[in-house]
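Could you walk me through this model, stop by stop? Keep the viewer open and select along as you read.

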Amino acid sequence: MKNYSNTDKVLLKPVIRNRLETSETKMLCRRNVERLKMIFHRWPSYSLRPWPRSIRKLLSIGLFVVVIVVIILSYQLKIMGSSHRKVNPPQPAISCRFDHSHKSLVKPKNYNSRDSKHVSKRVLVLVESPYTALAKHIITILEAARIEYKIENTGRNLPTLTHFDKSKFGVIILENLEAYVNMDNWNRQLLDKYCRDYKVGMVLFVHSVDEYGIDREKVPGFPLILRYNMALKDYTLNLFSDMWRITRPGEIWEGTLPQDDWTVFEFNHSTYEPLAYAKAAPPPFLDAGYEVDNRTLVSVLQDRGTFDGIQKVFFGNGLKFWLHIPVLLDVLSYLSHGKLSLPLERYIQIDVDDIFVGITGTRMTPVDVEAMVQAQERLQRQVQGFKFNLGFSGWFYEHGNSLENEGDRKILEQRHKFWWFGHMWRHEQAHKFTQDHLERSMLLNYQFAKDHDIPIYQQYAVAPHHSGVYPVHEPLYQSWKNVWDIRVTSTEEYPRLYPAWRRRGFIHKGIMVLPRQTCGLFTHTLFLDKYPGGRQHLDDSIQGGELFQTFLFNPINIYMTHLGNYANDRLALYTFESVIKFVQCWTNLQLKQVPPLELGIKYFEMFPEERDPLWQNPCLYKRHLAIWSTNKSCDRLPKFLVIGPQKTGTTALYTFLSLHPAILSNYNSPDTFEEVQFFNGNNYYKGIDWYMEFFPIPPNATSDFLFEKSATYFDNELVPMRAHGLIPKAKLICILIHPAKRAYSWYQHIRSHNDPTALNYTFLEVVTADDSAPRKLKDLKNRCLLPGIYVQHLSRWLDYFPARQLFIIDGEWLKSHPVAVMHNVQRFLHIEPHYNYSQLIRFDPKKGFYCQILSEDKNKCLGRGKGRLYPNMNKEVTDYLRQYYRKHNVALSKFLKKNQYRIPDWLEEELSH
């Protein structure tokens with residue numbers, strides 16, 4: 001027995017305390033408590049009235065205790081009755097026609113060639129509608145494979161196909177062959193010439209024909225005949241094709257294929273080579289004179305391009321048949337000369353969460369442990385370096401029946417055969433607790449590991465129920481580092497659980513967060529005959545379905561399983577042994593496992609763009625809100641932002657907004673004063689908890705408006721994406737003045753702060769500096785000129801926010817007519833009450849601008865640094881900047897008109913010259 005302090009023993013309550021922690025027990029208890037309430041509610045009030053109050057109270061307590069005992073006993077009977085352990089759990093039944101000794105016959109191909117230098121890593125998808133099932137499926141596959149794409153309608157003019165004489169696309173996918181054949185001459189000739197000149201291949205899908213009586217048709221302009229509406233069976237791939245990289249030929253998918261509207265190809269030209277074969281399946285109701293067609297039919301066809309100079313691949317059906325998905329990935333790799341190739345290595349990790357947490361009657365016994373060890377040994381022959389990764393919460397150790405407790409001890413006897421990671425002591429949800437509680441809980445678990453000689457050196461952890469990983473609970477990350485020195489974790493919640501192919505990783509506080517995949521096994525999936533959807537549903541996922549496709553698309557896969565999946569029917573062993581065998585039968589993927597820390601490093605070497613997180617609003621997603629601390633509130637996020645740019649009057653606007661009683665600004669920062677500057681710098685990595693601390697809790701979250709002003713947001717490339725991620729419904733306000741005036745004001749601002757570069761160079765020398773100039777001079781030039789290319793930055797904001805959420809203020813009007821401007825700002829924000837700013841601000845002749853009214857003869861104006869008078873720009877620099885900004889201002893005018901914004905007076909005057 002373990003030795004714990006008296007304080008620790010307080011946590012070690014009887015077994016029933018453990019059972020009440022489980023979700024099933026809680027639900028059962030809640031139902032019975034509600035029944036108990038109804039009993040007391042319906043109890044005839046007159047029946048106990050003659051009794052003394054003390055006796056009535058005693059009888060009520062006694063009745064309550066009896067009901068609780070009945071609940072517990074009924075629960076025990078329920079568990080005993082439901083635990084129908086099988087003597088022989090289901091075993092994997094997948095086998096390959098070609099074993100490992102025949103793999104040399106079908107080695108994966110490498111398509112890299114000199115032509116790949118001129119090929120883009122982007123795909124052009126031409127569809128009749130982006131909302132068709134096939135179009136959606138194509139896009140899903142490209143996104144899952146992380147292949148960039150552009151989608152266009154075939155009925156429109158083609159997009160620009162080249163950039164500076166370089167191809168913009170590596171492959172063109174046409175959703176419908178008919179749309180390509182019937183394309184207007186101009187677009188067809190342009191597309192064909194582009195494909196020939198830049199060696200860009202095509203993928204074409206052939207749809208079935210609905211017209212009655214049409215079962216065969218020649219393709220106009222091609223030596224190719226299509227046979228429609230075929231039912232097929234026994235699908236196989238051409239073993240001798242040069243196409244295969246991921247897909248491994250040699251197997252036969254036996255039986256009738258899904259759907260009976262396949263198109264098969266007949267040809268009489270050497271340019272064509274079959275990629276996939278099948279046989280005709282008999283119709284479900286055979287006519288008396290039906291003759292079986294045993295001919296081999298071609299369902300996927302390669303055109304090598306010797307006929308018209310363009311390489312193509314034709315699919316005789318969509319992507320509903322699972323094998324077409326890996327085939328399509330190989331086709332994209334082949335046609336792009338290797339540019340669109342996925343790696344062949346697949347790293348997997350199977351976590352068990354939690355090896356000691358389970359309901360009595362469903363936990364592992366010694367026989368189950370032995371089966372797990374044997375399965376691991378078999379998997380090690382298929383997956384290099386494989387080991388199960390066991391999570392543990394020490395409080396639950398030996399909390400089953402006698403046989404299950406023996407199973408717990410058996411696991412620890414075999415502990416050095418597995419990898420281990422620590423959970424919380426009692427499997428707590430981290431977001432509910434403080435850092436002090438979390439660290440004490442982890443220390444108890446850490447001590448348990450030391451007492452039982454559990455090897456815990458992987459620097460990996462998983463949070464129970466995904467709690468605290470994302471949305472981030474800062475105390476969890478800090479506790480992990482302080483107690484376990486954690487460097488890697490995983491979650492399926494970033495950015496969201498669904499769709500699964502968009503799960504990503506990020507790094508926070510030095511901890512690598514890797515995406516986790518679901519495998520179809522949960523705490524309640526204990527028996528194959530009770531699997532949701534039946535055994536066939538699980539087998540479909542394994543054999544080409546959802547689980548198989550996680551192996552196909554993701555170079556790194558972390559799967560979460562549970563204790564009950566290794567007991568009972570041992571579904572985890574059945575599932576993973578089956579899917580790994582299936583992967584090896586049908587693909588050339590090389591399965592490996594490395595320690596979690598190495599796995600995290602590999603992931604971010606593959607996807608360095610994911611290192612930075614993209615914070616989202618937890619209140620906009622039900623699952624995230626459920627695992628976010630209840631003492632946090634999205635009411636502390638701003639409803640609108642003043643985004644800049646700098647030196648356009650944003651501080652004056654900030655001051656005017658703060659005068660409104662329903663508008664609350666952020667608290668000042670000790671470093672950046674009234675600007676939080678969260679979205680555009682290192683502050684972003686401090687997380688949203690840090691950001692929300694800058695805002696008060698609004699007295700009325702409905703009518704009060706929180707806002708912040710950070711003028712550096714306007715021209716930062718990352719800010720629009722980050723702001724939209726966290727506050728997608730926020731409104732935006734920016735101020736535009738003449739860009740030359742803004743540039744000169746920035747230069748003078750820097751000079752007033754004694755910047756050496758600004759002091760040593762005139763404004764003309766700064767704005768005309770060339771590439772040979774010193775780096776600091778070029779940096780100052782960029783800070784002067786680039787923010788003034790307004791159209792570029794506004795377009796980036798509208799890539800994420802709709803135009804109706806952006807309000808553009810003419811900076812000259814803000815200076816000369818602020819009352820009218822503030823009237824329009826209030827209307828834009830839909831804020832109440834609507835204030836008359838003529839009673840709040842007035843013109844101060846000494847300062848030369850509007851200030852806050854304090855009394856009849858006293859104003860409160862901005863500091864000495866605001867409203868500073870500078871020497872006028874000379875004509876030479878004015879002419880230079882007018883010419884520099886001319887094309888950008890023209891583009892700005894078009895942009896404003898297109899999006900129905902008012903043209904500022906200064907812009908109309910500028911363009912009239």
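## Start with a parallel pair

Select strand 18 and strand 20 (residues 511-515): they pair in the parallel sense over four bridges. Helices (H or I, at least four residues) and strands (E, at least two) are DSSP runs numbered from the N terminus, and two strands pair if DSSP finds at least two bridges between them. To see one of the links, pick threonine 491, whose bridge partner in strand 20 is proline 515. Now show the side chains of strand 18 (residues 488-491): Val488 and Ser490 lie on one side, Thr489 and Thr491 on the other, and all are buried. Buried means under 20% relative accessible area, exposed over 50%, and partly exposed in between (1.4 Å probe, protein chains only).

Before moving on, please note that this is a predicted model, in which local features need pLDDT of at least 70 and side-chain atom pairs count only at pLDDT 80 or more, while totals for chains, interfaces and linings use all residues. Residues are numbered from 1 along each chain as its sequence is written, and side-chain values use heavy atoms, with hydrogens and water left out.

## Zoom out and colour by confidence

The chain has 30 helices and 30 strands, and 53% of its 913 residues count as buried. Colour by pLDDT, the predictor's confidence in each residue from 0 to 100. The mean for the chain is 90, with 88% of residues at 70 or more. Residues 1-28 have pLDDT below 50, and beyond near neighbours in sequence this stretch has 36 contacts in the model. Residues 33-49 are also below 50, with nine such contacts. A contact means heavy atoms within 4.5 Å.

## Strand 14 and its two partners

Next, select strand 14 (residues 312-315). Lys312 and Phe314 point one way, Val313 and Phe315 the other way, and all are buried. Add strand 6 (residues 201-205), which runs parallel to strand 14 and is joined to it by four bridges. Then add strand 13 (residues 296-303), which is antiparallel to strand 14, again with four bridges. Which residue is the bridge partner of leucine 204 in strand 14? It is phenylalanine 314, and leucine 301 stands opposite phenylalanine 314 too.

## A buried serine and a surface patch

Go to serine 441 in helix 12 (residues 435-451). Serine 441 counts as buried because its relative accessibility is 4%. Leaving aside neighbours within four places in sequence, serine 441 is in contact with Met424, Trp425, Arg426 and Glu428.

For a view of the surface, select isoleucine 61 in helix 5 (residues 53-82). At 47% relative accessibility, isoleucine 61 counts as partly exposed.

## Backbone details

Most residues other than glycine have a negative phi, and most peptide bonds are trans. Here are some exceptions to pick out.

- The peptide bond from tyrosine 498 to proline 499 is cis, with omega near -5°; proline 499 is in the loop between strand 18 and strand 19 (506-508).
- Glutamate 832 and proline 833 are joined by a cis peptide bond, with omega about 0°; proline 833 lies in the loop between helix 28 (818-829) and strand 28 (841-844).
- Histidine 830, in the loop between helix 28 and strand 28, has a positive phi of about 55° and is exposed at 62% relative accessible area.
- Glutamine 900, in the loop between helix 29 (875-898) and helix 30 (905-911), has a positive phi near 60° and is exposed at 74% relative accessibility.

## Salt bridges to finish

The structure holds 33 salt bridges, each a side-chain nitrogen of Lys or Arg within 4 Å of a carboxyl oxygen of Asp or Glu. Show lysine 709 and glutamate 674, where the closest N and O atoms are 2.8 Å apart. Lysine 709 lies in strand 25 (residues 705-709) and glutamate 674 in the loop between strand 24 (663-665) and helix 20 (688-692), so this pair ties together parts that are 35 residues apart in sequence. Lysine 709 is buried at 1% relative accessibility, and glutamate 674 is buried at 19%.

Your last stop is helix 29, where aspartate 879 and lysine 875 lie four residues apart, about one turn of the helix. Their closest N and O atoms are 2.7 Å apart. Add Arg882 and Glu910 to see the network of salt bridges that links them with Lys875 and Asp879.
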